[in-house]
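The following report considers how the chains of this model meet, and then turns to some details of backbone geometry.

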There are 2 protein chains.
Amino acid sequence: MKPTYYQQLTQTFQRLSRFSHLSAIAGWDMYTMMPAGGSQARSEALAELSVLQHQILTSPQTGEWLDGAQQEALNEFEQANLREMHRRYQQAVLLPADLVQAKSLAGSRCEHAWRSQRPANDWQGFAANLKEVVKFSREEADIRARAASVSRYDALLDVFEPGMTSRRLDVLFGDLKSWLPALLQRAVEKQAQRPLMAPEGPFPVEKQRALGLDTMALLGFDFNGGRLDVSAHPFCGGVPEDVRITTRYREDELFSALLGVIHETGHARYEQNLPREWAGQPIAQARSTAIHESQSLFFEMQLARSTPFLKRLRLQIIAHFGEQTAFEEGNYIAWNQRVKPGLIRIDADEVSYPAHIVLRYEIERALNDGDIEVDDIPALWDEKMQAWLGLSTHGNYRDGCMQDIHWTDGGFGYFPTYTLGAMYAAQLFQSARRALPRLEEDIARGDLHALFDWLRQNIWQHGSRFTTTQLIENATGEDLNAHWFRQHLEARYL
Amino acid sequence: MKPTYYQQLTQTFQRLSRFSHLSAIAGWDMYTMMPAGGSQARSEALAELSVLQHQILTSPQTGEWLDGAQQEALNEFEQANLREMHRRYQQAVLLPADLVQAKSLAGSRCEHAWRSQRPANDWQGFAANLKEVVKFSREEADIRARAASVSRYDALLDVFEPGMTSRRLDVLFGDLKSWLPALLQRAVEKQAQRPLMAPEGPFPVEKQRALGLDTMALLGFDFNGGRLDVSAHPFCGGVPEDVRITTRYREDELFSALLGVIHETGHARYEQNLPREWAGQPIAQARSTAIHESQSLFFEMQLARSTPFLKRLRLQIIAHFGEQTAFEEGNYIAWNQRVKPGLIRIDADEVSYPAHIVLRYEIERALNDGDIEVDDIPALWDEKMQAWLGLSTHGNYRDGCMQDIHWTDGGFGYFPTYTLGAMYAAQLFQSARRALPRLEEDIARGDLHALFDWLRQNIWQHGSRFTTTQLIENATGEDLNAHWFRQHLEARYL
């Protein structure tokens, strides 16, 4: 019997998924295992595979099958899978191959130079490369925008967060802007009344690793299908069957690696619990960047920095590192819930974090829509940091607009997903709390089964079956609502 | 300008090489890093890539380009590259895809079951699967043999060792058989006069690893282009730009891991010093399986077990593990040069090792040529082990014909390359000694530059530019001659 169009598509996407598997593992290896000398050959190998995947995905045959499958009788799951296939095809087929290559090269060049330009605070050198990146990003945005009849920036945003628009972000982030600065100030003032003791190291790497592994076990990480390793920039990689998370250790500091491991474990459990029965199909993949981030922030911010969990975690910390004055319960909890605005996004607490995101969002949107140019970035950055956090980045590019890797390779449209993730996380945790009346006691006991079952039922098992709005409405009874994030911050910090 | 046929071929083989890069790294990961749960998805991903590589290599276009390039004006290097391209194409294009797949599946099944059948000594269960493997191996051999007008076994042999024939092996191994048993017996008798003290553990893994890394550094391993890790079965993998060697540690034993690391470092240095200017082309790859093995055995047997090197190595061992009675120089050297015939090939010393190989060669040749059947193997094995080493494997399949992984996935034709490698190594070392009059003093001082330069000049830098015979004649003034292996064994053991 002749296979249906839909069947031919599932075979093609299965095949693409297998190539993605190799790309994911070789990519993980590049950041965790590969010696420097392997870099060029690895980049070439990954680029070759990427070209192949693009060819397969955008082949005229794929287009014909997609058209044909629209006419076939498909059940709900198949329709959802087809929708995701179509989305990927559209995203890929729009761009001419030479633009993809030029953008990728400009990004690699910019990123490579940035590694030494950032420590050297060399804005001029960086800006020259970034202009190239922005040029190609605008070209890409332009093509996508015309096809979708949206603004340039909205077209880029949609790549990471299907369905999200800057109009909607303006409402969500505008709401934030109306109450967050005051909340931040009140939290800082309140905390200033309590002087804190810093934990005292050294905290040997091997012990931190053992504590991290114990904590991953407590959080249900499946070690038969994943690993914990070290990389300069922590990430969650690999494939759903074999999820690779990383952290980095400082011997003088305990909590950054530990909370980092918890964050990545949130990403990992989502991946490990994606629907296996559709493995290899687009429907089996995580819903979106923001939903992925909502899981890591659910683990790190909603769960792990909550007072009951911190109490439970304290027992493990003391088991690995012994008692010390700073681990006295009150001090230890306050230490892990402290609010301290600073210049660096990745070091930010959850109250000041949105400031870092909203300022980036406003700049990258204006930049891609053509309202500003690269040369305008530092002054805007400084102005917005002053307004939000009262901090100056004048002349300090290194800790200002050169601090992140995202823009160097043209990843415009990504930043908003961090704060969207924080909002989704708060909304989801609030719903879980409603559904699980004994949640706080369970957490204090270290019994997280009911909570994880709730996440599995409501988020993980669905992959990309629903749109983000459907998913979040099914899980919480409403679409994204920043109110729950505000309520969470007020409850924890005021 | 239209690219020449040859240029189109180099682009195609460059592309294939990039896919091989990903396959090599994902394969390395599978044996060193991957958790068990990732196994099925990884196998599927690697198989998908392998199908792709086969399709590209055997496409009609590749065939046309190969024909066309024969008519083009090529220099000596290009001609050699074309010869190697043609060889790979021929080897791949001969086999129907369904046979490749059926053989691969039968091999996977046999190997998977073997992992539990071997410890259970379950010959009946193993034989049932092995018969399937042999069936497909004979089919493959048949197709290859008809195309090359050679015997079935010779066709398989040629895959691993281009140009080698069973007629030639019969001469080389026949020679061995005429003098090795007596030499072995004399060596054992001589050594029996000196009682040896075994080194006393425990030897902590971390210290063994540090000693291994120091020894790799002494042997010139480039850590900017490679790593040392742990796997159940040691191997040298990765790519020339990023060579991954592995070992395994036992805390009660010191020298097996250390000499294993030295062995793999020999493979690694060959890979690391293959001609980079032709990277990605067949001419840039190692000459053959036996020549590869000659480099590992050059390092392990010719160099590292020589008295001057052992003396030098002793200093490092004591630096890491302190003094102990068994490390007294005389005892330590005798311990590392001891001859002790046993049932297990991978534990064998270099004097009894050829016995393990010749018996396997005789059996696998008869099996593939159709002179015996799978059910005949155990009795033949026992008979030959009795004749060579005076040891019985009656009813002991686990330590007899079920001990190796090679036959389980149909790797017939591989075993002879171990002993060919030992012979090449002895012949090469003898030539290096002639060329470098101060070699022994240099080795004792730990100055190995001249020796490695000699290997680089004579073997490593040539990749597959020459045939094996040309390569070895250029390096040593004659084709493979078992005499040098005999002389080496007599000098060291009698």
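Between chain B and chain A there are 10 salt bridges, in a predicted model that holds 74 salt bridges over all chains. Side chains of opposite charge can pair when their charged atoms come close. One such pair is formed by E48(B) and R15(A), whose closest N and O atoms are 3.1 Å apart; this pair crosses between chains, running from helix 2 of chain B to helix 1 of chain A. The count of residue pairs in polar contact between chain B and chain A, with both residues at pLDDT 80 or more, is 14. On the side of chain B that touches chain A, at least two residues each come from helix 1 (5-32), helix 2, strand 1 (226-230) and strand 3 (242-247) of chain B, and the residues of that side divide into 15 nonpolar, seven polar and 10 charged.

The contact as a whole takes 32 residues from chain B and 33 residues from chain A. Together the two chains bury about 2,800 Å² between them, with 61% of this area on carbon and sulfur atoms. Of the area that chain B buries against chain A, 21% is supplied by R18(B), L22(B) and E48(B), more than by any other three residues.

Part of the contact is a packing of helices across the chains: helix 1 (residues 5-32) of chain A meets helix 2 (residues 39-57) of chain B at an angle of about 105°, with the axes 9 Å apart. Because angles of 65 to 115 degrees count as roughly perpendicular, helix 1 of chain A is described as roughly perpendicular to helix 2 of chain B. Residues making this contact include R15(A), F19(A), L22(A) and I25(A) from helix 1 of chain A, and A45(B), E48(B), L49(B) and L52(B) from helix 2 of chain B. By class, this helix contact has eight nonpolar, two polar and five charged residues.

Turning to the backbone, most residues other than glycine have a negative phi, and most peptide bonds are trans. The table lists the cis peptide bonds described here.

| Cis peptide bond | Omega |
|---|---|
| G201(A) and P202(A) | about 0° |
| G201(B) and P202(B) | about 0° |

P202(A) is found in the loop between helix 8 (166-192) and helix 9 (205-218) of chain A, and P202(B) lies in the loop between helix 8 (166-192) and helix 9 (205-218) of chain B. S149(A), although not a glycine, has a positive phi of about 55°, and this residue is found in the loop between helix 6 (123-148) and helix 7 (152-160) of chain A.

Definitions and conventions
Residues numbered from 1 in each chain as written. Chains lettered and ligands numbered in written order. Predicted model: local features only at pLDDT ≥ 70, side-chain atom pairs only at ≥ 80, totals over all residues. Heavy atoms only, no water. Axes fitted to C-alpha atoms, helices over the stretch in contact; angles between N-to-C directions. Helix = DSSP H or I, 4+ residues; strand = E, 2+ residues; numbered from the N terminus. Parallel < 35°, antiparallel > 145°, perpendicular 65-115°, else oblique. Contact = heavy atoms within 4.5 Å. Nonpolar A, V, L, I, M, F, W, Y, C, P; charged D, E, K, R; others polar. Buried area = accessible area lost by both parts, 1.4 Å probe. Salt bridge = Lys/Arg side-chain N within 4 Å of Asp/Glu carboxyl O. Polar contact = N/O pair within 3.5 Å; in protein donor to acceptor, adjacent residues only side chain to side chain.
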